[in-house]
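I opened this notebook to record what I looked up in one structure, entry by entry. The headings give the topic of each search.

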Amino acid sequence: MHRLLLLTLFIVTGSLGYTQSIPGVRQPVEIIRDRWGVNHIYAQNEHDLFFAQGYSAAKDRLFQLEMWRRQATGTVAELLGPQELKRDVGARLFRFRGDINKELLHYHPHGPQIVWAFVEGINTYITEILKTPEKLPFEFQVLNTKPGYWTSEVVISRHQGLAYNVRSELNYGRLVKLIGADKLRELEWFHPVQKASEPDLTLRVEGDELFQPILELYEAFRLPLKFAGKPAKADEDEAKRSDGSVDDWFRVEQHYVGSNNWVIAGNKSASDYPMLANDPHRAQSTPSLRYWVHLNAPGWNVIGAGEPTLPGISIGHNDYGAWGLTIFETDNEDLYVYETNPANPNQYRYKGNWVTMKTISETIPLKGKPSETVKLKYTRHGPVVFEDKVHHKAYAVRAGWLDIGCAPYLASLRMNQSRNWTEFRQACAFSRLPGENMIWADKTGTIGWQAVGLAPIRKNFSGLVPVPGDGRYEWAGYLPIQQLPHKLNPAGGFIATANNNLTPRNFEHRDAVGWTWSSPSRAHRIEEVLNDGKRKTLVDFMALQADYLSIPARTLVPLLQNLFSPETRIEQAVSYLRKWDYKLEPNSVAASIYVAWEDQLKQAVSKQKIPEKARPYLKALSSKRVIDALLVPTTARDSLLLTCMDRAVAELTNRLGNDMDEWSYGQRKNKHITITHPLSDMVDKAMQKKINFGPVARGGYGETVNATANSLNQTHGASFRILIDTEDWDKTLGINSPGQSGNPDSPHYGDLFPIWAENGYFPVFFSKEKIKTVADETTELQPSRMEK
């Protein structure tokens with residue numbers, strides 16, 4: 001927090017400026033880049049605005065854009081070799097193949113023109129940089145490649161969309177076969193439920209046949225890229241704690257990809273105006289996922305962040321209101337199992353008839369080898385991901401997100417122009433992927449929440465286990481988004497979401513909403529702070545986004561109060577916890593002891609409760625189930641609490657040494673963050689030092705508001721944050737780690753990392769007058785002679 005104060009002392013006026021003639025621009029465009037790397041784009045028409053957004057994004061994030069393009073088009077193996085063939089097959093199998101014009105019109109009435117202008121801007125920069133290929137970012141030199149040109153189809157790719165829940169569905173099917181539906185309901189925390197038989201987990205397919213690599217192609221195109229055969233998001237600490245498997249990666253993503261957001265009404269703020277906060281939790285990486293930009297043209301004046309691969313802004317504010325998002329659970333995928341014709345495996349039984357699969361042939365280029373031609377097959381429900389020729393079965397994924405309008409976040413274009421809550425809710429009606437909790441706050445005093453997302457209506461099945469594809473289990477369309485849960489100006493004066501369940505038990509359309517949610521710990525802590533009776537300022541919001549208090553610790557530590565161990569080391573460890581404030585601060589010894597103890601408790605209770613044969617498919621119990629088990633007072637429980645403390649002390653001694661006073665939480669051997677560039681292993685030590693970050697101390701873990709995941713090296717959490725007081729848009733604060741640029745030669749490659757590491761922010765000015773006071777560089781894009 002002190003970092004913000006330091007930055008404001010060094011604000012200077014004046015900046016470097018230059019003019020550039022550029023094909024594609026129709027009228028002059030002014031781009032003011034501020035001292036934190038944010039481009040403020042002032043255009044005189046809509047085309048030039050989004051052209052300049054694409055051009056600027058390509059200038060800052062060219063390699064990131066190139067890898068997005070290759071993943072979207074299924075051409076990764078052409079660059080990285082045959083080991084990526086399955087990725088490319090999966091990407092092509094799940095490519096959107098509908099009407100591109102209808103698709104783009106879904107996102108905005110000018111959707112085709114906006115997306116094309118954005119693509120044109122990217123391609124213009126690519127053409128420009130290819131004239132001097134020696135100036136390409138270092139990744140292109142290392143991989144001996146050049147960027148390719150974009151199309152509108154690349155923008156609307158769903159390959160990195162947050163979609164749910166076909167992997168869980170397959171595992172649930174396996175678990176029902178192994179331990180039965182009742183036992184699975186007992187172990188997994190499905191909610192909200194109204195009766196013990198919910199949700200329906202009846203397995204109507206042959207369970208023994210589910211233990212095959214059915215989703216290998218689906219998983220292949222969703223996994224992070226590997227360079228030189230190594231994972232892009234390598235975590236040296238987590239690798240020691242897991243088998244590094246595909247299942248492990250998806251498990252970590254499922255648990256730690258999320259977000260916090262909240263809004264408060266004017267009667268809870270010091271300014272008397274509504275305030276908003278948002279911090280999405282995604283993988284920590286360089287470059288970051290998010291990208292700040294300010295878009296100003298007739299009809300447009302919006303600032304915030306989205307992904308550099310997309311036009312518009314997904315989180316931010318305009319002249320009228322502010323909005324943010326967190327994940328809301330909708331189940332938009334199902335696994336269908338078909339009987340295939342023994343005489344013709346390209347036919348499947350549907351409603352008593354043999355139906356022929358649609359087949360598409362595609363040729364995939366491979367680095368160092370001849371291209372390979374593959375056949376992609378589709379049933380009426382979707383892509384065929386696996387064929388079991390022994391049992392004459394085929395498996396297809398019905399992915400609702402292959403329908404029109406499911407490019408992640410692109411419907412934000414409509415939100416960017418919303419002038420009030422009514423218009424914002426109308427814009428939300430077009431937001432289909434991912435499922436989100438959209439919140440709104442405006443200058444008139446309105447706050448609101450609208451859940452959005454693709455919500456298939458399943459009349460006779462839950463969508464939690466695979467079903468026959470013979471026509472008995474079909475979707476009855478999608479629930480209109482405005483019928484999903486929502487609130488307007490609640491009596492409590494605030495709305496907070498943290499991926500927890502916000503669906504009422506008696507919600508009318510229960511079949512269209514998910515059954516599994518994040519632990520409510522983060523949400524409960526946010527609610528607790530917002531409801532403490534004190535009017536809030538931006539300083540309070542900063543403190544809450546950085547909050548390290550553990551709700552589970554506050555529940556579990558008191559269980560030790562009346563216990564005694566004859567072991568001196570255990571008693572010493574417990575004594576730290578007895579006088580602790582439950583905050584996982586970087587310098588806290590108690591935090592280290594607690595986190596190690598909680599980890600041992602989770603392992604022990606999970607081992608007790610989960611049958612051995614089920615453990616490959618249910619690795620651990622939720623915090624809710626673990627805590628519920630530990631709250632039952634028994635002699636065995638008390639013994640387990642001390643046994644797990646003994647194990648925690650042994651583990652910490654082994655890792656941090658014998659001196660307990662040296663067990664501070666935030667240190668290199670304990671809780672820290674190291675961000676490693678995906679090409680780090682392919683460059684020399686001097687370049688590694690330039691492109692990698694850390695280690696720096698971190699606090700918190702997966703269930704604190706400042707969510708830093710449960711691995712020793714923080715793999716997930718908030719790299720982007722925004723805080724808004726609607727009284728004055730110039731008071732907005734933000735951060736984006738490690739920086740706005742993906743090019744290590746840019747001063748904005750890592751300049752925000754030290755600020756972020758201290759939970760700091762930079763001022764996000766909105767008025768041009770203020771922006772000019774922090775301008776580092778001003779560029780004017782002039783139409784070329786041909787354009788004139």
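**Terms and ground rules.** I call a residue buried under 20% relative accessible area, exposed over 50%, and partly exposed in between, with a 1.4 Å probe and protein chains only. The model is predicted, and I therefore kept local features to pLDDT of at least 70 and side-chain atom pairs to pLDDT 80 or more, while totals for chains, interfaces and linings use all residues. Residues are numbered from 1 along each chain as its sequence is written, and side-chain values use heavy atoms, with hydrogens and water left out. For helices (H or I, at least four residues) and strands (E, at least two) I took the DSSP runs, numbered from the N terminus.

**Salt bridges.** I searched the whole structure for salt bridges, each a side-chain nitrogen of Lys or Arg within 4 Å of a carboxyl oxygen of Asp or Glu, and the search returned 38 of them.

I looked first at R167 and E219, whose side chains meet in a salt bridge with an N to O distance of 2.8 Å. R167 belongs to helix α9 (residues 166-179) and E219 to helix α11 (residues 216-220), so that distant parts of the chain, 52 residues apart, are linked by the pair. I noted both R167 and E219 as buried.

Helix α9 also holds K177, which forms a salt bridge with D208 in the loop between α10 (181-187) and α11, 31 residues apart. The closest N and O atoms of this pair are 3.7 Å apart. K177 has a relative accessible area of 38% and is partly exposed, whereas D208, at 52%, counts as exposed.

I then turned to R535 and D272, which meet through their side chains in a salt bridge of 2.8 Å, N to O. R535 lies in the loop between α16 (521-530) and α17 (538-545), and D272 in the loop between β6 (258-264) and β7 (275-283), so this pair ties together parts that are 263 residues apart in sequence. I recorded R535 as partly exposed, with 43% relative accessible area, and D272 as exposed, at 51%. I also found E66, R69, R70 and E78 joined into one network by salt bridges that share partners.

**The open sheet.** I counted strands as paired if DSSP finds at least two bridges between them. On that basis, 11 strands form an open sheet with mixed pairing, in the order β1-β32-β2-β3-β8-β9-β10-β11-β19-β20-β24. β1 and β24 (486-488) stand at its edges with a single partner strand each, so one side of each is left without a neighbour in the sheet.

Within the sheet I followed the run from β3 to β10. Strand β3 (residues 39-42) runs parallel to strand β8 (residues 291-297), to which 4 bridges join it, and H40 has H294 in β8 as its bridge partner. β8 then pairs with β9 in the antiparallel sense over 7 bridges, with N296 opposite N301 in β9. These two strands form a hairpin with 2 residues between them, and G299 in the turn has a positive phi of about 90 degrees.

How many residues of strand β9 (residues 300-306) are buried? I found 7 of its 7 residues buried: W300, V302, G304 and G306 point one way, and N301, I303 and A305 the other way. On to strand β10 (residues 315-318), β9 pairs in the antiparallel sense over 4 bridges, and A305 has I315 as its bridge partner there.

**The second largest pocket.** I took a pocket, on a 1 Å grid over the protein atoms alone, as an open set of points where a 1.4 Å probe fits, with protein on both sides within 12 Å along at least five of seven lines, and lining residues as those with an atom within 4 Å of a point. The second largest pocket is lined by 33 residues, among which R33, K59, D60, Y125 and N743 lie nearest its centre. The elements that each supply at least two lining residues are β1 (16-22), β2 (29-34), α2 (46-73), α6 (111-129) and β32 (775-783), and the largest share, 9 residues, comes from α2.

**L215.** I placed L215 in the loop between α10 and α11, where it counts as buried at 2% relative accessibility. Its C-alpha atom is separated by 9.5 Å from that of L335, 120 residues apart along the chain.
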